[in-house]
Amino acid sequence: MANRNNGSPRDAVITKKILYRQRVLIALAIVFVIYGIIFYYIPLGGWIMAFENYKPKTGLFGSKFVGLDKFKFLFSDKTFIQVIRNTFCMGLLNLIFPTTIFPIIFAILLNEMKSLGGKKAVQTISYLPHFLSWIIVTGILHDSLSNSGIVNEVLQKLGIIKDPISFFSEPKMFWWIVCFAHLWKEMGWNAIIYLSAISSIDPCLYEAASIDGAGRWGKIKHVTLPSLRPTIIVLLLMNMGFILNAGFEVQYLLGNGLVQSVSQTIDIYVLTWGVSQNDYSLGTAAGIFKSVVSVLIIVICNAVAKRSGEERLF
Amino acid sequence: MSNQMNGAPGAIRVTMTENKHNKTKTSDTIFHVVNAIIMIMICVVTLYPVLNTLALSFNDGVDAVRGGVHLIPRMFTWTNYSTVLNQKNITHGALISVIRTIVGTLLALAANALLAFVVAQKKFVFRSQLSLFWVITMYVNGGMIPILLLFQKLKLTNSFWVYVIPAMVGGFNMLVLRTYMEGLPDSLQEAAEIDGAGFMTIFLKVISPLCKPVYATIALFVAVGQWNSWFDTMLYNRMATEYTTLQYELMKLLSSVTSLKGNTGTTAPGQGVNITPLSVRSAATILTMAPIVMLYPFLQRYFVTGLTIGGVKE
């Protein structure tokens with residue numbers, strides 16, 4: 001692309017001398033390209049499987065070609081439609097609350113704190129869950145939300161409920177539980193980037209605003225939020241592409257038979273069909289669907305951002 | 001640039017306007033009180049489940065069933081820990097986890113740094129092509145099934161190497177390192193070149209010593225990822241019990257209450273009576289998160305650096 005024009009005119013002509021001088025770099029580059037081809041590009045070739053009736057015995061090139069049959073099966077499968085809905089809705093909830101709104105509010109409130117020590121302490125504590133594995137987080141969540149867990153205990157003591165709620169057998173709650181799990185684990189971490197954006201806002205803007213008579217709320221509304229706007233938009237765009245990626249570990253670890261209809265995501269579907277049922281072709285087709293939609297979402301969002309004159313990714 | 005590198009997580013500028021207003025209005029006071037309460041609540045919600053698990057892990061299992069154990073163990077005991085540590089699969093899993101974290105981190109750091117160094121060479125003839133080759137891998141990948149089949153072909157499944165080899169080079173880590181290296185002054189390398197140093201010498205003696213902060217950040221990210229990873233164990237090494245990791249064993253413990261019963265009788269005949277699945281699970285959870293929580297305060301300053309570098313460039 002534009003890289004061509006960046007180099008100096010000398011680069012246009014690759015002489016033997018330059019190649020010889022850069023032989024070490026070229027050798028290293030070749031090693032890394034071979035590695036990349038093996039671990040990143042060859043699996044892409046595996047996409048062929050989705051268009052044939054792949055059998056390990058006959059291999060990639062010997063299996064029967066079936067065209068779009070696997071995709072037709074996918075979209076006639078009610079479970080798959082359900083799975084798409086689950087993945088999309090949980091991804092969207094995840095994008096809205098734990099990734100965007102709450103981290104922004106948290107960063108602004110944290111920035112308003114007067115005590116520097118307190119601020120540091122809150123930050124340190126809020127990042128910690130990010131470093132714990134989902135195994136640990138879901139384990140803790142299971143205990144907290146169990147019938148004798150702390151949440152039920154508090155709700156009962158406050159007199160809000162009489163009998164404990166069994167959170168994990170209620171399909172209506174599952175998405176929100178997943179959303180909360182992300183919030184608990186990632187809110188503090190996701191706020192870092194907004195905090196650093198807030199700290200780079202020119203203090204003069206705040207001074208000017210207070211001379212104009214803006215209070216705390218006025219400054220947040222007219223200085224902080226507009227200054228954060230580019231950061232928010234770029235992060236939103238970046239994370240849009242991950243919407244369909246946002247569901248695997250948590251749903252796998254928190255899901256159970258009772259909430260299956262709302263907990264299964266595309267990745268879990270791939271796992272059940274591709275790995276447990278050994279239908280490699282169907283699993284690959286579902287995976288392709290996910291990748292293609294993700295790329296489409298990114299491209300569309302980027303185009304929309306471009307048209308409305310906003311920041312964009314590329 | 002260097003300012004950002006040194007910035008501690010808490011170094012958010014206090015806005016000047018706040019200092020100027022010496023007369024604190026009542027609405028101001030109310031805001032700060034409310035804000036402090038919100039922050040304290042966030043900390044409580046974050047810390048309570050962890051501290052509760054800690055208390056349960058030191059509490060007599062049967063006693064804990066009565067409920068009411070919150071932050072302090074009521075009947076103190078080491079039995080839960082001795083039970084966990086007497087389980088062969090858990091101690092062996094911990095060993096594998098430690099080895100994969102160390103080996104995986106060293107390999108990933110060396111490989112990513114070397115690749116970043118090559119891509120950061122402004123005069124390198126294939127620079128833009130190599131860069132694009134790796135950026136593409138960040139956005140498209142083959143998906144679960146093709147990768148699984150590839151690993152089976154390469155004999156990586158049921159082996160230790162599946163943990164460290166495929167994850168060695170990654171587009172994102174490479175970009176963060178490259179961005180940092182490109183920020184270093186060119187004159188350093190030019191001076192070394194005039195002195196007759198080759199590319200490897202420049203990489204090892206000139207660039208790498210200057211990259212220590214970013215190396216630490218990448219190492220931290222990779223190490224945490226390696227330690228917390230469990231899905232690769234489940235997918236590739238489920239059958240190879242000698243290579244299962246601590247997180248995977250913890251997951252088995254959390255998901256299957258029944259499998260534990262067999263162990264309690266055999267491991268602690270004299271004292272095993274008072275163990276419950278919950279108490280043993282708590283002990284295992286604490287043991288699994290212990291390394292991260294203990295190292296956390298020392299490593300904190302590195303991850304903020306890394307996130308800001310990555311974020312700014314993306």
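In the predicted model, pLDDT remains under 50 over residues 1-17 of chain B, a stretch for which the model nevertheless has 30 contacts beyond four places in sequence. A second stretch of chain B, residues 310-314, also stays under 50 in pLDDT, and for this stretch the model has 5 contacts beyond four places in sequence. Taken over the whole of chain B, the mean pLDDT is 84, with 83% of the residues reaching 70 or more. For chain A the corresponding mean is 88, and 94% of the residues reach 70 or more. Within chain A, pLDDT stays under 50 over residues 1-11, for which the model has 2 contacts beyond four places in sequence. Among the elements of chain A, confidence is lowest in helix H1 (residues 3-6), where the mean is 46, and highest in helix H4 (residues 23-45), where the mean is 95. For the model as a whole, ipTM is 0.86 and pTM is 0.86.

Chain B contains 16 helices and 0 strands. Of its 314 residues, 40% count as buried. When the contacts in chain B with a separation of 6 or more are considered, 75% of them are accounted for by residues 24 or more positions apart.

Chain A, for its part, is divided into domain 1, which covers residues 15-67, and domain 2, which covers residues 73-307. The centres of these two domains of chain A, taken over C-alpha atoms, are separated by 35 Å. Contact between them involves 7 residues of domain 1 of chain A and 5 residues of domain 2 of chain A. On the side of domain 1 that touches domain 2, the residues divide into 4 nonpolar, 2 polar and 1 charged.

The two chains also meet each other, with 72 residues of chain B in contact with 71 residues of chain A. On the side of chain B that touches chain A, helix H3(B) gives the most, with 14 residues. By class, this side of chain B has 46 nonpolar, 23 polar and 3 charged residues.

One helix pair between the chains can be described in detail. In general, two packed helices are described by the angle between their axes and the distance between the axes. For helix H8 (residues 116-127) of chain A and helix H3 (residues 26-57) of chain B, the axes come within 9 Å and cross at roughly 30 degrees, and the crossing of H8(A) and H3(B) is left-handed. In this contact, A:Val122, A:Ile125 and A:Ser126 of H8(A) meet B:Met39, B:Ile42, B:Cys43, B:Thr46 and B:Leu47 of H3(B). The residues of the contact of H8(A) with H3(B) divide into 6 nonpolar, 2 polar and no charged.

Individual residues of chain B illustrate contrasting surroundings. B:Val119 has its place in helix H6 (residues 88-120) of chain B, and it counts as buried because it has 25 C-beta neighbours inside 10 Å. Leaving aside residues up to four places away in sequence, B:Val119 touches B:Arg127, B:Leu130, B:Ser131, B:Met174 and B:Arg178. The C-alpha atoms of B:Val119 and B:Thr201, which are 82 residues apart along the chain, are separated by 16 Å. B:Asp232, by contrast, is found in helix H13 (residues 231-236) of chain B, and this residue counts as partly exposed because it has 19 C-beta neighbours inside 10 Å, whereas 20 or more would be needed for a residue to be buried. With residues up to four places away in sequence again not counted, B:Asp232 touches B:Val162 and B:Tyr163. From C-alpha to C-alpha, B:Asp232 and B:Val206 are 37 Å apart in space, while in sequence they are 26 residues apart.

Two loop residues were examined for their backbone angles. Most residues other than glycine have a negative phi. A:Asn278, however, has a phi near 60 degrees, a positive value in a residue other than glycine. A:Asn278 lies in the loop between helix H16 (266-276) and helix H17 (280-307) of chain A, and it counts as exposed because 12 C-beta neighbours are found inside 10 Å. In chain B, B:Lys155 has a positive phi of about 60 degrees although it is not a glycine. The loop that holds B:Lys155 runs between helix H8 (144-153) and helix H9 (171-182) of chain B, and B:Lys155 is exposed, with 10 other C-beta atoms within 10 Å.

Note on methods:
Residues numbered from 1 in each chain as written. Chains lettered and ligands numbered in written order. Predicted model: local features only at pLDDT ≥ 70, side-chain atom pairs only at ≥ 80, totals over all residues. Domains from an automatic or database assignment. Nonpolar A, V, L, I, M, F, W, Y, C, P; charged D, E, K, R; others polar. Axes fitted to C-alpha atoms, helices over the stretch in contact; angles between N-to-C directions. Helix = DSSP H or I, 4+ residues; strand = E, 2+ residues; numbered from the N terminus. Left-handed = near helix turned anticlockwise from the far one by under 90°. pLDDT = per-residue confidence, 0-100.
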